[in-house]
Amino acid sequence: MVNGQSVCIDVDQCPQDANGMGRWLWSGPPPAESHACLILAHGASAPMDSGFMAGIAERLAVRGISVVRFEFPYMTERRSGGGRRPPDPQARLLDCWREVYSRLRREVSGPLAIGGKSMGGRMASLLADELQAWALVCLGYPFYPAGRPDRPRTAHLAGLGTPTLIIQGERDALGKRDRVREYSLSPAIRLHWLEAADHDLKPLKASGFTQERHLDSASDIVAGFLQSVGGFV
């Protein structure tokens, strides 16, 4: 972000390659002037410039966090007229993450965190230790597939060594509070629950909360977490 505005890396600067990546979106101060740089991946169904992703990036930007958003190959293909393509196989998603991280690591000398919304965050969690990421942030972690709480996606979370923050809605259909408390999670993981919120951090109207308020709270928590990991507070 320049003067508080999102800026793009054009396709010419980040050409589509074997991983099919297109442009990236940057928000916030230059990495050298920020508390940290966070690479944020989208979820399975919405792109990097969705309302949720933009809302989080903009809020973190004003809190001193530089945010880089990118898209997985299938989403780049959707944008170029490929229809509603399903997510890429996990191996391709992970290779894309590795490539993005490698490129940013060459450009950013300071703290570099990774994370994302739902699927994007889960893919980041599978690579956080391998990449030696400075920190991991997951927004709405899919602890199990929709309707299948008997198939938890948590085996790797038990031994995770990277400092991790998971922000979860209490009534998230992919990870409700009463179910998640049964899992064995690494002591490196901090879980923060948002009251009455769903997978998109939208609360029940009767709760008195709004999604905007929850996004504000989530951004405060993420910024505070990244600053504390870096020793800024």
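Modeller: Buried means under 20% relative accessible area, exposed means over 50%, and partly exposed is in between (1.4 Å probe, protein chains only). This is a predicted model: local features need pLDDT of at least 70 and side-chain atom pairs count only at pLDDT 80 or more, while totals for chains, interfaces and linings use all residues. Residues are numbered from 1 along each chain as its sequence is written, and side-chain values use heavy atoms, with hydrogens and water left out.

Biologist: Fine, core first. Which helix supplies the largest share of the largest nonpolar core?

Modeller: A nonpolar core is a set of buried Ala, Val, Leu, Ile, Met, Phe, Trp, Tyr and Cys residues joined through side-chain atoms within 4.5 Å. Helices are DSSP runs (H or I, at least four residues), as are strands (E, at least two), numbered from the N terminus. The largest core has 39 residues, and Ile39, Trp97 and Ile114 are among those with the most contacts inside it. Its largest share, 7 residues, comes from residues 90-107, helix H3.

Biologist: How many residues make up the second core?

Modeller: The second core is separate, and its members include Ala113, Ala135, Leu139 and Val222. Its count of residues is 25.

Biologist: On to strand E7: are its residues buried or exposed?

Modeller: Thr164, Ile166 and Gln168 point one way from E7, while Leu165, Ile167 and Gly169 point the other way. For 6 of its 6 residues the verdict is buried.

Biologist: And which residue in E8 stands opposite glycine 169?

Modeller: Two strands pair if DSSP finds at least two bridges between them. E7 and strand E8 (residues 189-194) run parallel, with 6 bridges. On the E8 side, the residue facing glycine 169 is leucine 194.

Biologist: Now the charges. How far apart in sequence are the parts tied together by glutamate 130 and arginine 98?

Modeller: A salt bridge is a side-chain nitrogen of Lys or Arg within 4 Å of a carboxyl oxygen of Asp or Glu. Arginine 98, partly exposed at 29% relative accessible area, forms one with glutamate 130 at 2.7 Å, N to O. Because glutamate 130 lies in helix H4 (residues 119-131) and arginine 98 in helix H3, the separation of the parts they tie together is 32 residues.

Biologist: What other salt-bridge partner does arginine 98 have in helix H3?

Modeller: The closest N and O atoms of this pair are 2.9 Å apart. Both residues lie in H3, 3 residues apart, about one turn of the helix. The partner, partly exposed at 37% relative accessible area, is aspartate 95.
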